[in-house]
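Trainee: Please take one part of this model and go through it closely, from its own geometry to its surroundings. I would like the cut-offs stated as you go.

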Amino acid sequence: MQTSEQATAGSLVWRLMLKWRAAVERALAPVGLTHAQYVLLASLRGLTWHGHRPSQRELADFAGLEPVFVSKLIRALERSGLVERATHPADPRAVQLRLTEHGVTVIDGAVTTVHRLQDELARPLGGVSGRRYRELTDMLRLLLGEQQPGEGDRNMTQATTALFGQDIGMASAAGRRLLTTVLDREAAAFPEWITLKLVNDEGVPVPRDDLVTRLANGVGLDPAAAGQVLAGLRSTGLLAESPAGVELTSDGQARFDRLFAQVLELSGEILAGLPAGDVAVARRVLADYTERANKLAAGPPLRNF
């Protein structure tokens with residue numbers, strides 16, 4: 001069983017991203033925005049602040065999202081009257097994007113809401129203006145290979161520079177791409193890895209319904225698809241189910257241990273050369289932030305936002 005002290009930075013970032021996303025979506029439910037839609041609209045707001053009309057590819061690169069995913073999101077946002085598309089004058093195969101007047105109103109209000117939520121979540125770090133918060137965002141940007149604050153375009157708006165949740169999401173996306181290389185080597189699918197990890201981390205049998213719910217929330221699977229993942233792992237002898245719940249078989253434990261060893265090695269390569277003190281601070285801050293986000297996500301509606 002993996003203890004909190006043994007958790008890798010990638011694992012903490014992943015957990016934090018899930019908790020942050022849940023908190024954001026609860027806060028933005030009144031305006032009907034998902035976390036992904038919010039990230040895309042806020043990014044588009046920042047890019048178009050001075051009149052620029054980015055292509056979908058530019059927006060995808062800036063937001064740190066896959067182009068295919070961005071295309072689907074843009075079509076949905078266009079149907080909702082928040083975004084408009086036009087043919088790119090220099091490339092008829094590409095499109096330019098801009099927010100509609102309604103889109104500007106919605107995202108400006110959403111950014112204000114999320115900034116309040118962000119400051120609430122960052123309170124254990126002294127708020128968004130606190131030194132520990134700034135240290136964490138700097139370290140995340142360093143791990144992402146991004147330029148340090150002040151080196152690039154200083155005209156970024158608050159809507160895009162202060163989105164700590166976006167930093168977490170981008171770090172998670174980068175880690176996800178590296179994780180995929182490990183899973184591909186072992187012919188393992190991402191839902192399989194997450195399922196084995198959830199069961200392993202519990203250390204005791206997990207009620208099936210609880211596991212299905214956690215898969216649905218964490219991986220984005222609908223309950224039926226989550227049930228199919230569990231059925232597939234049982235059929236291959238990696239999971240066993242009893243009245244007590246779902247647990248790893250000896251083969252399942254061996255497969256998880258093998259995958260986790262490779263993930264741990266990859267995490268070591270990512271963190272190689274970083275001062276031990278910085279890594280310790282990052283882990284502590286991520287753990288504190290995750291705990292705070294978890295309490296907000298599990299609590300009553302965020303009425304103040």
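Mentor: What follows is a close look at helix 2, and then at how it fits into the rest of the chain.

This is a predicted model, in which local features need pLDDT of at least 70 and side-chain atom pairs count only at pLDDT 80 or more, while totals for chains, interfaces and linings use all residues. Residues are numbered from 1 along each chain as its sequence is written, and side-chain values use heavy atoms, with hydrogens and water left out.

The secondary structure of the chain comes to 13 helices and four strands (DSSP runs numbered from the N terminus, helices being H or I of at least four residues and strands E of at least two). Of the 305 residues, 44% count as buried (under 20% relative accessible area with a 1.4 Å probe and protein chains only, exposed being over 50% and partly exposed in between). Helix 2 covers residues 35-47; its 13 residues reach 18 Å from the first C-alpha to the last, close to the 18 Å expected at 1.5 Å a residue (1.5 Å times one less than the number of residues). The helix is mostly covered, since 12 of its 13 residues are buried, and the buried ones run through H35, A36, Q37, Y38, V39, L40, L41, A42, S43, L44, R45 and G46.

One partner of helix 2 is helix 5 (residues 101-121), which packs against it at an angle of about 110°, with the axes 10 Å apart (lines fitted to C-alpha atoms over the stretch in contact, with angles from 0 to 180 degrees between N-to-C directions). The two helices are therefore roughly perpendicular to each other (65 to 115 degrees; under 35 is roughly parallel, over 145 roughly antiparallel and the rest oblique). From helix 2, Y38, L41, A42 and R45 meet V104, I107, D108, A110, V111 and V114 in helix 5, and the residues of this contact divide into eight nonpolar, no polar and two charged (Ala, Val, Leu, Ile, Met, Phe, Trp, Tyr, Cys and Pro are nonpolar, Asp, Glu, Lys and Arg charged, the others, Gly among them, polar).

R45 deserves a separate word: although it is charged, it counts as buried because its relative accessibility is 15%. Not counting residues up to four places away in sequence, R45 touches L99, V104, I107 and D108 (contact means heavy atoms within 4.5 Å).

L40 has other partners, and leaving aside its neighbours within four places in sequence, it is in contact with L59, A63, L65, V70, L73, I74 and L77.

These residues lead to the largest nonpolar core, which has 45 residues, and in which Y38, L40, L41, V83 and I107 have the most contacts (a set of buried Ala, Val, Leu, Ile, Met, Phe, Trp, Tyr and Cys residues joined through side-chain atoms within 4.5 Å). The elements giving two or more residues to this core are helix 1 (9-28), helix 2, helix 3 (56-63), helix 4 (67-79), strand 2 (91-99), helix 5, helix 6 (131-144) and helix 13 (276-298), and helix 1 gives the most, with eight residues. A second, separate core of 30 residues includes A188, I194, L230 and F260. Across the chain, residues 24 or more positions apart account for 65% of the contacts with a separation of 6 or more.
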